[in-house]
Structure formats: structure tokens, C-alpha cells
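Reader: I have a model with several chains open in my viewer. Please show me how to read it, one feature at a time.

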There are 2 protein chains.
Amino acid sequence: MSITKNDTPRVRRTPEESRANILSAAESLLVQQGPQSLRLADVAKAAGVANATVLHHFGSIDAVQQALMERMIADLVDSIMAIEIPADAPAAARADGLKTLFDAFETRGAARLAAWLELTDETSRLTVVRQAVQDVAQKKISNAGVPSDSAEDLILLSVTLAVGVGLFGPSLGKLIGKPEGRARELTLQMLLGHLERLAG
Amino acid sequence: MSITKNDTPRVRRTPEESRANILSAAESLLVQQGPQSLRLADVAKAAGVANATVLHHFGSIDAVQQALMERMIADLVDSIMAIEIPADAPAAARADGLKTLFDAFETRGAARLAAWLELTDETSRLTVVRQAVQDVAQKKISNAGVPSDSAEDLILLSVTLAVGVGLFGPSLGKLIGKPEGRARELTLQMLLGHLERLAG
DNA sequence: TTCGTTATTGACATTTTTGTCGGTAGCTCT
DNA sequence: AGAGCTACCGACAAAAATGTCAATAACGAA
């Protein structure tokens with residue numbers, strides 16, 4: 001009876017690297033399998049570490065989920081903040097901006113994040129969302145160059161449609177037998193026409 | 001030491017009534033607190049029965065969730081099937097039809113149901129959804145009175161927007177400080193204008 | 001090289017959630 | 001009233017998920 005020495009050597013990361021590694025694993029779990037698979041064991045396994053390691057860095061599985069929400073929200077805010085749509089821009093530029101907005105929600109699971117937030121709804125978690133929305137809205141409205149009230153309406157409309165299409169567009173399209181991205185295409189087309197009519 | 005007799009008398013329902021009672025309790029849990037609160041103990045408590053009673057009727061908590069999905073989908077299909085939007089109807093009639101569609105998703109948690117389905121995604125469960133969508137699509141397309149291809153597009157567009165607005169419209173509106181239902185109003189307005197232009 | 005720090009881990013403890021079982025009680029039928 | 005059926009329940013067992021702890025092993029500093 002011999003002492004069995006673990007064959008795979010430990011990897012030792014900086015705390016930041018380790019946290020990022022775990023959150024990335026959790027994020028792909030969320031996007032690919034849904035929130036209910038964000039269990040301690042699953043996250044740890046996906047990250048390639050022991051359960052105890054996850055807890056060492058985050059304290060609890062709830063804290064992991066909270067941190068994941070915050071990271072994904074921050075990423076999303078960055079994506080959106082990078083979009084510039086001056087009011088006097090040519091139509092093509094605004095179309096590009098809207099496409100980027102829709103992409104931000106459809107790819108990398110931002111729409112899934114939004115649905116998760118919508119369904120969980122723990123008020124404590126909403127603080128982060130509220131702050132993010134206010135940041136984005138303030139910037140967008142300030143450089144919209146139009147009266148703030150209708151600018152808010154446009155933002156509300158665009159974002160609602162973007163997240164809705166991002167979440168449901170692909171599945172509904174597939175269920176109806178339409179090519180991937182058809183819902184997004186139709187929506188963007190309509191939205192752009194609407195904006196042009198408002199401007200002209 | 002006396003034998004303690006339970007003070008509250010048992011209620012004895014028919015199996016159908018009992019199942020309906022339990023599913024109704026589960027439904028309001030889903031709508032008000034999200035899918036993660038669909039636990040055996042929570043559902044039983046909300047329904048006012050013992051845990052074992054829930055299992056007696058459904059066998060497992062997963063079966064409860066499956067049955068709930070099926071019941072909610074059936075209800076939703078009924079609501080949608082009841083909508084009649086002939087292609088040659090006056091604009092006002094089509095507007096009413098669309099409003100009804102949007103209502104079907106926003107009220108009574110159909111949008112939440114859709115988000116739940118989207119996030120869970122167990123392929124076994126998708127069979128029911130696929131059947132429901134095909135039923136609805138077939139009927140809607142058949143009496144749309146327009147070429148089936150663009151009729152499908154219109155359905156895809158309307159339903160995607162309806163469910164997206166139903167799920168995210170209220171929260172986003174509130175976050176931005178808009179009155180309840182503003183997102184729906186804006187979307188309907190745009191969608192109706194779009195349809196009119198297509199027809200005219 | 002030696003030492004101190006701490007990220008990492010397996011084994012274990014605790015809590016939460018699900019499911020089982022024998023008996024009880026409401027209802028119907030005779 | 002009595003008997004059979006079964007919805008219903010409390011108590012318990014099983015499973016699953018979360019969290020604790022002491023020991024280990026990378027890595028940087030002395």
C-alpha cells in the first residue's frame with residue numbers, strides 16, 4: 001500500500017487570474033446551459049479547479065453569480081458605450097450603430113444575462129443594473145442631439161427590441177423554419193425605416 | 001400525554017382539481033419569483049398541501065415543471081388562436097389584434113414562460129414548444145391571405161417583438177424612468193406603421 | 001537553500017432538497 | 001352504518017448541493 005501522489009501538478013494563479021478563470025467558466029456555463037447549471041460543482045469542474053478553490057476566492061456560490069452578473073454587465077456597458085450614433089450621422093452610420101447594439105445582445109449571451117436578471121430579480125442584485133442603465137442612458141442621451149424625452153424613447157425602443165430579438169430571435173426563427181438571423185434582419189429593417197421617418 | 005389530532009380538516013379534491021391547484025400555485029411562483037423558486041417545498045406550501053401530495057400527483061418535481069410548461073403553453077396557444085387578423089381587415093382591427101398578441105405575452109407571464117424555456121433548453125421539453133409553434137403558425141399563415149413567405153416573416157417579427165417587449169419592456173421602462181407600458185406603446189406604434197406601409 | 005505566504009486541494013461536515021412509506025381520513029357505494 | 005377506494009399527510013430516508021478545515025505545494029523573498 002503506497003502513498004498515491006497526485007499526478008497532475010497544481011497550477012497556481014494570481015487571485016485575479018483565478019477569479020477571471022472561474023468567472024469565464026461560469027459565463028460559458030450560463031450561456032450554454034442556463035442559470036440552473038451555475039452550481040458550485042459544475043462551475044468548479046468547468047474551471048478545472050476544486051470546489052474549495054471557488055469558495056476560497058468568492059466565499060459562496062451566490063457571490064460567484066453576483067460577480068458574474070457584474071462582470072457581464074460591465075462588458076455589456078463597455079460594448080454599448082463604444083457605439084457612437086450622432087444624431088446628424090448619415091443613415092448608414094446609424095444602421096451600423098444599431099447593428100452593433102443588436103450584436104452586443106445577441107452574441108456572447110448578453111441577452112441571456114438580461115433574461116437571467118429578469119427572472120431572478122433579487123432586489124439586491126438590481127443595484128448594479130440600475131447604475132449601468134443610468135450610465136449608458138446618460139451618455140447616449142447627452143450626445144443624441146435631440147430633445148431628451150424622445151431620445152429616451154428611442155433608447156428604450158432600441159434596447160428593448162435588441163435584447164428581445166437577441167434572446168428569442170434565433171429560437172423563434174429556427175422553430176418557424178427561417179434562416180438564422182432573420183428576426184434580427186426584419187427588426188433592424190423596420191427600426192431603421194422608423195428612425196428615418198422620424199428624422200425626415 | 002394525549003394524542004394530538006390535527007385541527008385543520010383535510011380537503012379532498014379530485015385528482016384533476018388537485019393537479020390544477022398545484023399547477024396554479026406553481027404558475028404564480030414562476031411569474032412572481034422566477035423558476036428557481038419552483039422547489040418542491042415551495043410549490044407544496046403555495047398550493048397548501050404536503051410535499052408528498054405533490055409527488056403523489058406528479059411523481060417528481062421535474063414532472064411538475066414539465067406539466068406547468070405544457071399547461072402554460074396550451075393557454076398561450078389558446079390566447080393566440082383566438083386572435084383573428086384578416087389581411088383585408090381595417091387598420092383598427094389589425095391594431096386590436098396586435099394589442100391582444102402583446103397582451104398575451106405581457107400579462108399572465110407568458111413572456112416569463114418563454115424566457116424560462118429559452119434558458120432551460122432541455123431538448124426533451126422543446127417538443128411541446130415546437131408543436132405549439134407549428135400549430136399557431138399554420139393557422140395564422142393560412143388565414144393571413146398573403147404569400148406564405150412574407151406571412152411567416154410577419155409572424156416571426158410580431159411574435160419576437162411581442163415576447164421581447166413583454167419580458168423586458170416593463171423593467172427597462174422603469175429603469176429609464178418611463179411610465180409603465182411605454183415600450184409596448186412605442187413598439188406597437190412602429191409595428192403598425194410598418195404594416196401599413198407594407199400593405200399600401 | 002531555506003522560509004514564509006497563500007493558492008490549492010481532498011476529506012469531511014452541514015444544509016438543503018427530493019423522494020419513500022405506512023397510516024389516516026374523506027368520499028362513494030352498498 | 002359499514003366497507004372499499006384513494007387523496008392526503010407526517011415522519012423518515014436518500015440524495016444533492018453547499019460550505020469547512022487542516023494539510024499540501026507552488027512561488028517569491030531573504
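Author: Start with symmetry. For this comparison, copies are superposed by least squares on C-alpha atoms of residues with pLDDT of at least 70 in both. Keep in mind that this is a predicted model.

Reader: What rotation and what shift superpose chain A on chain B?

Author: First the general idea. Two copies of a chain are related by a rotation about an axis and a shift along it. Here the rotation is 180°, with 0.0 Å of shift along its axis. Chain A then lands on chain B with an RMSD of 0.1 Å. That is how a two-fold axis relates its copies.

Reader: Which residue of chain A comes closest to the rotation axis?

Author: A:G164 does, with its C-alpha at 1.9 Å.

Reader: Through what surface do the copies meet?

Author: Through the same surface, because 100% of the interface residues of chain A are interface residues in chain B as well.

Reader: Now charges. How many salt bridges are there over all chains?

Author: The cut-off comes first: a side-chain nitrogen of Lys or Arg must lie within 4 Å of a carboxyl oxygen of Asp or Glu. The whole structure holds 18 such salt bridges. One of them pairs the side chains of A:R112 and B:E118, at 3.6 Å from N to O. A:R112 sits in helix α6 (residues 110-120) of chain A and B:E118 in helix α6 (residues 110-120) of chain B, so this salt bridge joins two chains.

Reader: Are A:R112 and B:E118 buried or exposed?

Author: Both are buried. Now take A:E118 and B:R112, whose side chains also form a salt bridge, 3.6 Å from N to O. This pair crosses between chains too, from helix α6 of chain A to helix α6 of chain B.

Reader: Why does A:E118 count as buried?

Author: Buried means under 20% relative accessible area. A:E118 has 13%, so it counts as buried. B:R112 has 16%, so it is buried as well.

Reader: How should I read the salt bridge between A:R182 and A:E185?

Author: Check the spacing along the helix. These side chains meet at 3.2 Å, N to O. The two residues are about one helical turn apart, because three residues separate their positions in helix α9 (residues 182-199) of chain A. A:E185 is partly exposed, because its relative accessible area is 44%.

Reader: Which residues are linked in a network of salt bridges?

Author: A:D149, A:E152 and A:D153 are linked with B:K178, B:R182 and B:E185.

Reader: Last, the DNA. Which residues come nearest to DNA strand D?

Author: Of the 22 residues around the strand, the nearest are A:R10, A:L40, B:T53, B:H56 and B:H57. Next, ask which part of the strand faces the protein. Of the DNA strand D atoms within 4 Å of the protein, 67% belong to sugar or phosphate, and the rest to bases.

Reader: What lies 2.4 Å from a phosphate oxygen of DNA strand D?

Author: An N or O atom in the side chain of B:H57. For the side chain of B:T53, an N or O atom is 2.7 Å from a phosphate oxygen of the strand. A:L40 uses its backbone: a polar atom there is 2.8 Å from a phosphate oxygen. Two or more residues each come from α2 (40-47) and α3 (51-58) of chain A, and from α1 (15-33) and α3 (51-58) of chain B.

Reader: Which element gives the largest share of the surface near DNA strand D?

Author: α3(B), with four residues. By class, the surface near the strand has ten nonpolar, six polar and six charged residues.

Key:
Residues numbered from 1 in each chain as written. Chains lettered and ligands numbered in written order. Predicted model: local features only at pLDDT ≥ 70, side-chain atom pairs only at ≥ 80, totals over all residues. Heavy atoms only, no water. Buried < 20%, exposed > 50% of the residue type's maximum accessible area, 1.4 Å probe, protein only. Contact = heavy atoms within 4.5 Å. Near = heavy atom within 4 Å. Polar contact = N/O pair within 3.5 Å; in protein donor to acceptor, adjacent residues only side chain to side chain. Nonpolar A, V, L, I, M, F, W, Y, C, P; charged D, E, K, R; others polar.
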